[in-house]
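User: I am a first-year student and would like a close look at one part of this model, the place where two helices pack together. Please go through it step by step and then place it in its surroundings.

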Amino acid sequence: MRKPLIIDRSQDQHFMREALVLAAQGAALSEVPVGAVLVQDGLIIGRGYNCPISQRDPSAHAEMVAVRDAALAVQNYRLPGSTLYVTLEPCSMCAGLIVHSRIQRVVYGTTEPKAGVVVSRGQFFEQGFLNHHVLVEGGVLAEECGTVLSEFFRLRRQKG
């Protein structure tokens, strides 16, 4: 018989604010401002922000960078019991990464209507063929996360 899973949501806003700080770092480099932190046992073990342009790496999404950082920190490619906080709903590439790295929970800020696969364009984590199931919560600091993105693209359009 399985133990009931107890989720501590008390730090969700705190860690999402940490992800927002990282999103701002990406924006400063003219990258789409998405930030992510990976937390295990109440500690940040991985940090990342979008940097595919500056790194010349199409896989350098915030989630990917944070997971790589965490895997190196804990010296394991699997990250069970961890929670990924990301300011934007994950895409299909990042959703696959989340499953393969055995992240327990994903908390995202705002939805991504064009490419998000948690709720917007599909429900990836609900697929029966997956060998690992991820708990998902969206909408944490959604307004702040959405504003950061909207402002970034507004300024980009003004610059032409």
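Analyst: In this predicted model, the axes of helix 3 (residues 62-74) and helix 4 (residues 92-100) come within 9 Å and cross at roughly 25°. Helix 3 is therefore roughly parallel to helix 4, since angles under 35 degrees count as such. The crossing of the two helices is left-handed. On the side of helix 3, the residues that meet the partner are Glu63, Met64 and Val67, and on the side of helix 4 they are Met93, Cys94 and Leu97. Sorted by type, the residues of this contact comprise five nonpolar, no polar and one charged.

Glu63 deserves a separate look. This residue sits in helix 3, and an unreviewed UniProt entry annotates Glu63 as "active site". Is Glu63 buried or exposed? Its relative accessibility is 4%, so Glu63 counts as buried. Apart from neighbours within four places in sequence, Glu63 is in contact with Cys94 and Leu97, and also with Ala36, Leu84, Val86, Leu88 and Pro90. The same unreviewed UniProt entry type supplies the wider setting: the annotation "domain: CMP/dCMP-type deaminase" covers residues 10-137. Over residues 10-137 the chain is 34% helix and 23% strand. The end C-alpha atoms of that stretch are 13 Å apart.

Now consider helix 4. Its buried residues include Cys94, Ala95, Gly96, Leu97, Ile98 and Val99. What do the buried residues of helix 4 pack against? They pack against helix 3, strand 3 (82-88) and strand 4. Helix 4 is followed by Arg102, whose phi is positive, near 65°.

Ile103 belongs to the loop between helix 4 and strand 4 (105-110). Its relative accessibility is 0%, so Ile103 counts as buried. Leaving out neighbours within four places in sequence, Ile103 touches residues that include Val67 and Ile98. Val67 is one of the helix 3 residues that meet helix 4, and Ile98 is among the buried residues of helix 4. The other contacts of Ile103 are Leu38, Leu79, Ser82, Thr83, Leu84, His132 and Val134. Leu84 is also listed among the contacts of Glu63. Ile103 and Val39 are 64 residues apart along the chain, while their C-alpha atoms are separated by 9.8 Å.

Ser82, one of the residues in contact with Ile103, lies in strand 3. How accessible is Ser82, and what does that make it, buried or exposed? With 0% relative accessibility, Ser82 counts as buried. Beyond neighbours within four places in sequence, Ser82 is in contact with Ile103, Gln104 and Arg105, as well as Leu38, Val39 and Gln40. Leu38 is therefore a contact of Ile103 and of Ser82, by the 4.5 Å limit for heavy atoms.

A second helix pair can be set beside the one described above. The axes of helix 1 (residues 12-28) and helix 5 (residues 142-159) come within 11 Å and cross at roughly 5°. Helix 1 and helix 5 are therefore roughly parallel to each other. Met16, Leu20 and Ala27 in helix 1 meet Glu144, Cys145, Val148 and Phe152 in helix 5. The residues of this contact fall into six nonpolar, no polar and one charged.

Some residues elsewhere in the chain have other settings. Asp41 is in the loop between strand 1 (35-40) and strand 2 (43-49). Asp41 has a positive phi of about 55°, although it is not a glycine. At 72% relative accessibility, Asp41 counts as exposed because the value is over 50%. Arg56, in the loop between helix 2 (52-55) and helix 3, also has a positive phi of about 55° without being a glycine. The relative accessibility of Arg56 is 74%, so this residue counts as exposed.

Gln11 is located in the segment before helix 1. It has 36% relative accessibility and so counts as partly exposed. Gln11 and Gly42 are 31 residues apart in sequence, with 8.3 Å between their C-alpha atoms.

Definitions and conventions:
Residues are numbered from 1 along each chain as its sequence is written. This is a predicted model: local features need pLDDT of at least 70, side-chain atom pairs count only at pLDDT 80 or more; totals for chains, interfaces and linings use all residues. Side-chain values use heavy atoms; hydrogens and water are left out. Axes are lines fitted to C-alpha atoms, for helices over the stretch in contact, and angles run from 0 to 180 degrees between N-to-C directions. Helices (H or I, at least four residues) and strands (E, at least two) are DSSP runs, numbered from the N terminus. Angles under 35 degrees count as roughly parallel, over 145 as roughly antiparallel, 65 to 115 as roughly perpendicular and the rest as oblique. A crossing is left-handed if the near helix is turned anticlockwise from the far one by less than a right angle, and right-handed if clockwise. Ala, Val, Leu, Ile, Met, Phe, Trp, Tyr, Cys and Pro count as nonpolar, Asp, Glu, Lys and Arg as charged, and the others, Gly among them, as polar. Buried means under 20% relative accessible area, exposed over 50%, partly exposed in between (1.4 Å probe, protein chains only). UniProt positions are given in the numbering used here, feature names are shortened, and annotations may be inferred rather than shown by experiment.
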